[in-house]
Amino acid sequence: MCYKGSIAAEQRRIEDRVSRNFKKKTQFLPSYNIDAFANSDIYIVTQDEPDLIQKGVWGLVPDWKKNDPGGFLSGKQYTNNARGEDLFKTRSYKDHVINERCWIIFDGFFEPHYYTSKIQQPYYCYIPKKEIFTEREVFVIAGIYSKIKDTYYVSLVTTEANDFFSEVHNKQKRMPLVLDTQLREKWISKDQSKSVILDLVKEGFTSEEFRAHPVSNQLYKGSNSESTILPIEPYTPQSLF
């Protein structure tokens, strides 16, 4: 599952990478630690306004709670992630899949790696643009949303981990559905059938190569500086002797 991400690239680079401009009055604020559990703002491109980048709230509010979105989110419903395989089965998501799909724009995200059942360390995952992690690609993750008044509420779509992410996220073995560049327009195209959407969930993950490195647990304390994504040494068990 994915509950923390980053988007710290320059605004111009983001716009170039996704071939869209930010919506007027949408202020871009770079972040190294976007927290799903805080229902943070994320930057999205939606099916109903597919030519613009704008803000959404991380955490989908289903139609049956549209009269009280704040109450729903404060109730810890955890609609931050939506299992792609179950999109058409899950009560909170199934009414939003056909006409309310989106991109979520990140340049990295964090996954926990478990050394024991109780000891884990966060890893920062990204697509390198050059040999150093500070130069990394902007990418888009598949999402679904609800729109209440003028606010978008968004869930990130996950799928079964590939070999690389099975090693990183080695407990639950899930990964965000990072869309292949050749397929991402298809995700937000109108009039897609259920079978096409499920095929994208299954086969749409990017062909670009990811890398990952361990980072400090300061991530979980709300750190939001560039040091949040700096590599550190992997955890090593303490010797008894």
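This dialogue walks through the cavity, the largest pocket, the cysteines and the aromatic rings of a predicted model.

Colleague: I would like to begin with enclosed space, so how many cavities of 30 Å³ or more does a search of the whole structure find?

Modeller: A cavity is a space where a probe fits but cannot get out. In this model the search of the whole structure finds 1 cavity of 30 Å³ or more, and about 30 Å³ of space lies in it.

Colleague: Which residues line the largest cavity, and how does its lining divide by class?

Modeller: The lining is made up of R17, V138, F139, V140, L179, T181, R184 and E208. By class, that lining has 4 nonpolar, 1 polar and 3 charged residues. Please keep F139 and R184 in mind, for both names will return when we come to the rings.

Colleague: What volume does the largest pocket have, and which residues lie nearest its centre?

Modeller: A pocket, unlike a cavity, is an open set of points. The largest pocket here has a volume of about 300 Å³, and among the 16 residues that line it, M1, Y3, F37, P112 and Y220 lie nearest its centre. Two elements, strand 8 (108–114) and strand 9 (120–126), give two or more residues each to this lining, and strand 8 gives the most, with 4 residues. Sorted by class, the lining of the largest pocket holds 10 nonpolar, 3 polar and 3 charged residues.

Colleague: Turning to the cysteines, how many disulfides does the structure hold?

Modeller: To count as a disulfide, two cysteine sulfur atoms must lie within 2.5 Å, and the structure holds 0 such bonds. Take C2 as a case: the closest cysteine sulfur, that of C125, is 8.1 Å from its own sulfur, which is too far for a bond. C102 is likewise in no disulfide, with the sulfur of C2, the nearest to it, 13 Å away.

Colleague: Are C2 and C102 buried or exposed?

Modeller: Residues under 20% relative accessible area are called buried. C2 has 0% relative accessibility and therefore counts as buried, and C102 is also buried, with a relative accessible area of 0%.

Colleague: How many aromatic pairs does a search of the whole structure find, and how should I read the angle between the planes of F22 and Y43?

Modeller: The search finds 19 aromatic pairs. Planes over 60 degrees apart count as edge-to-face; the rings of F22 and Y43 have planes at 75° and centres 5.7 Å apart, so this pair is edge-to-face. The pair links distant parts of the chain, with F22 in strand 2 and Y43 in strand 4, 21 residues apart, and both F22 and Y43 are buried.

Colleague: What is the arrangement of the rings of F110 and Y124?

Modeller: Their planes meet at 45° and their centres are 4.9 Å apart, so the pair is tilted. Because F110 lies in strand 8 and Y124 in strand 9, the pair ties together parts that are 14 residues apart in sequence. F110 counts as buried at 5% relative accessibility, as does Y124 at 0%.

Colleague: Which residues form one aromatic cluster, and which ring does the charged end of K171 sit over?

Modeller: One aromatic cluster is formed by F109, F139, F164, F165, F205 and F210, and F139 also lines the largest cavity. The charged end of K171 sits over the ring of Y114, 4.7 Å from its centre. R184, another residue in the lining of that cavity, lies over the face of W103, at 5.4 Å from the ring centre.

Methods. Residues numbered from 1 in each chain as written. Predicted model: local features only at pLDDT ≥ 70, side-chain atom pairs only at ≥ 80, totals over all residues. Heavy atoms only, no water. 1 Å grid on protein atoms, 1.4 Å probe; cavity = no way out; pocket = protein on both sides within 12 Å on 5 of 7 lines; lining within 4 Å. Points joined across faces, edges and corners; volume = space filled by probe spheres on them. Nonpolar A, V, L, I, M, F, W, Y, C, P; charged D, E, K, R; others polar. Buried < 20%, exposed > 50% of the residue type's maximum accessible area, 1.4 Å probe, protein only. Phe/Tyr/Trp six-rings, centres within 6.5 Å; stacked < 30°, edge-to-face > 60°. Lys NZ or Arg CZ within 6 Å of the ring centre and 35° of its normal.
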